[in-house]
Amino acid sequence: MSAISSLTHAISLDPYSGEQIGTYPFDTDAALEAALQRAKVGYRQWRQVSLGQRSEYLLALADTLEAKAEAFAHMISREIGKPIAQARGEVSKCVGLCRWYAEHGPAMLAAEPTQVEKARIEYRPLGPILAVMPWNFPVWQVLRGAVPAILAGNTYVLKHAPNVMGSAYLMAELFKDAGLPEGVFEVLNVTPDGVTRAINDPRIAAVTLTGSVRAGMAIGAQAGAALKKCVLELGGSDPFIVLADADLDAAVQAAVIGRYQNTGQVCAAAKRLIVEASIVDAFTHKFVEATRQLKVGNPLEDDTYIGPMARYDLRDELDGQVQATLAEGATLLLGGNKVEGVANFYAPTVFANVTPDMTAFKQELFGPVAAIITARDADHAVELANDSEFGLASTIYTADYALAERMTAALDTGGVFINGYCASDPRVAFGGVKKSGFGRELSHFGVREFTNAQTVWLDRN
């Protein structure tokens with residue numbers, strides 16, 4: 001039941017019932033060729049559409065998505081087991097994204113003056129953008145990249161994860177129903193060989209990927225060899241630092257949400273809980289008790305907080321990491337096992353006494369598993385936080401904002417959240433460093449990421 005594709009089809013399985021939701025035949029060579037050509041022809045026309053008109057299309061996209069919100073939420077829940085309340089939140093967030101860029105995006109793409117009186121910078125589109133996207137936020141991950149890229153005048157070619165092709169085709173219908181021209185948003189259903197062919201095709205101008213480090217290394221290498229701009233948003237093992245003077249109840253509540261949202265299948269989740277020694281016992285007790293209260297169950301029930309993991313093979317991988325961490329000497333306080341039955345549940349798990357030599361510290365655990373690590377003080381907490389190959393986001397809970405600012409400057413992560421857990425928002429940039437990738441999404445960074453910053457200089461004598 002771990003398969004997400006056969007030799008000829010992508011396969012979508014409901015991880016709660018184990019039932020097959022759909023099979024989607026891989027694109028033929030002719031279908032791939034036709035999609036790339038539509039994206040190229042569409043780009044030539046779309047780039048001529050004014051920014052104001054593109055913004056109107058985004059508003060239509062928002063209205064159409066809002067009208068179809070329940071269908072999208074149910075598809076998300078069935079394809080990956082995301083609790084329905086969280087799936088609805090994902091869709092609502094996408095509606096807000098479209099409206100925010102429609103209102104604020106044009107100003108970010110306006111001509112920019114320079115210190116030379118007759119020189120300016122114009123932000124021009126690049127062309128069709130190939131986007132290789134993951135399954136864990138099957139609508140948000142796509143639209144947070146597609147909306148600013150399309151507003152900038154590019155077209156968008158989506159290669160989605162095989163287990164969420166239902167969501168991919170729903171989005172293709174969404175763009176059509178919202179009235180966007182043909183070729184602006186295309187969906188590919190291809191094998192890795194098809195991705196390679198698309199990257200090397202001269203009609204593709206740039207590439208973006210959200211996914212694993214391994215996938216990022218492969219896609220980044222191929223894009224580099226083809227001399228194409230690439231943005232990578234990869235994994236994370238994000239530190240969540242709690243100092244002795246923190247509001248303990250607030251920190252625990254945020255840590256539980258930050259770790260177990262989307263069943264822990266979030267790249268920027270709070271995976272390593274680094275707690276100052278004088279409060280680690282109190283924090284641990286409260287965290288374990290709060291975790292026990294989370295409802296694990298049918299993702300289509302409104303009060304479910306933790307659903308099944310999205311894929312059976314990923315649950316097996318997670319269990320291997322848990323058992324390795326146990327063998328390395330961590331203390332198991334909760335869970336630590338697959339749940340028997342057809343549904344792909346993994347018991348919410350909490351480790352204590354995790355040290356830097358253990359699997360749960362060194363590797364990304366993409367599921368409902370929390371690792372509690374003891375720090376001597378704030379400096380040691382930063383040292384532990386930076387002792388990772390990842391650098392996506394980090395959190396600090398403390399009453400001392402001056403100390404938090406000093407710690408922030410020392411943290412090697414793309415984002416830092418002081419007294420609040422990690423989140424993405426169209427108003428601020430999102431991305432990482434080290435093996436968490438490079439480039440930025442959202443904000444003006446995202447809307448300009450796939451543009452040509454063209455210098456226009458008049459009367460240069």
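Which residues in α2 meet L174, F175 and D177 in α6? Keep that in mind while you open the model, which is a predicted one. We'll start wide and then work our way down to the helices.

**Stop 1: the whole thing**

Select residues 12–456. UniProt, in an unreviewed entry, labels this span "domain: Aldehyde dehydrogenase". Colour the span by secondary structure: 43% of it is helix and 20% is strand. Now click the C-alpha atoms at its two ends, and you'll get 49 Å between them.

**Stop 2: two domains**

Next, give each domain its own colour. The domain assignment puts 9–234 + 436–457 in domain 1 and 238–425 in domain 2. Their C-alpha centres are 30 Å apart. Where the domains touch, domain 1 brings 29 residues to the contact and domain 2 brings 34.

**Stop 3: α2 and α6**

Time to zoom in. Select residues 51–67 for helix α2 and residues 165–177 for helix α6. The two pack at about 125 degrees, and their axes are 9 Å apart. That angle makes α2 oblique to α6. As for handedness, the crossing of α2 past α6 is right-handed.

Here's the reply to the opening puzzle: show side chains for L61, T64 and L65 in α2, and you'll find them meeting L174, F175 and D177 in α6. Sorted by class, the residues of this contact are four nonpolar, one polar and one charged.

**Stop 4: α2 and α4**

Leave α2 on screen and add helix α4, residues 84–108. How do these two line up, roughly parallel or roughly antiparallel? Their packing angle is about 165 degrees, with 9 Å between the axes. With an angle over 145 degrees, α2 therefore counts as roughly antiparallel to α4. The crossing here is left-handed.

Now light up the contact. On the α2 side, pick L51, S55, L58, L59, L61, A62, D63, L65 and E66. Facing them in α4 are V91, C94, V95, C98, R99, Y101, A102 and P106. The tally by class is 13 nonpolar, one polar and three charged. Spot L61 and L65 in this set? You've met both already, in the contact with α6.

**Stop 5: α3 and α4**

Hide α2, keep α4, and select residues 69–80 to bring up helix α3. What is the angle between α3 and α4? About 130 degrees, with the axes 8 Å apart, so this pair is oblique. α3 goes past α4 in a right-handed crossing.

For the touching residues, choose A69, E70, F72, A73, H74, I76 and S77 in α3, then I84, A87, R88, E90 and V91 in α4. This contact has seven nonpolar, two polar and three charged residues. Before you leave, click V91 once more: it touches α3 here, and V91 was also part of the contact with α2.

Methods
Residues are numbered from 1 along each chain as its sequence is written. This is a predicted model: local features need pLDDT of at least 70, side-chain atom pairs count only at pLDDT 80 or more; totals for chains, interfaces and linings use all residues. Side-chain values use heavy atoms; hydrogens and water are left out. Axes are lines fitted to C-alpha atoms, for helices over the stretch in contact, and angles run from 0 to 180 degrees between N-to-C directions. Helices (H or I, at least four residues) and strands (E, at least two) are DSSP runs, numbered from the N terminus. Angles under 35 degrees count as roughly parallel, over 145 as roughly antiparallel, 65 to 115 as roughly perpendicular and the rest as oblique. A crossing is left-handed if the near helix is turned anticlockwise from the far one by less than a right angle, and right-handed if clockwise. Contact means heavy atoms within 4.5 Å. Ala, Val, Leu, Ile, Met, Phe, Trp, Tyr, Cys and Pro count as nonpolar, Asp, Glu, Lys and Arg as charged, and the others, Gly among them, as polar. UniProt positions are given in the numbering used here, feature names are shortened, and annotations may be inferred rather than shown by experiment. Domain bounds come from an automatic or database domain assignment.
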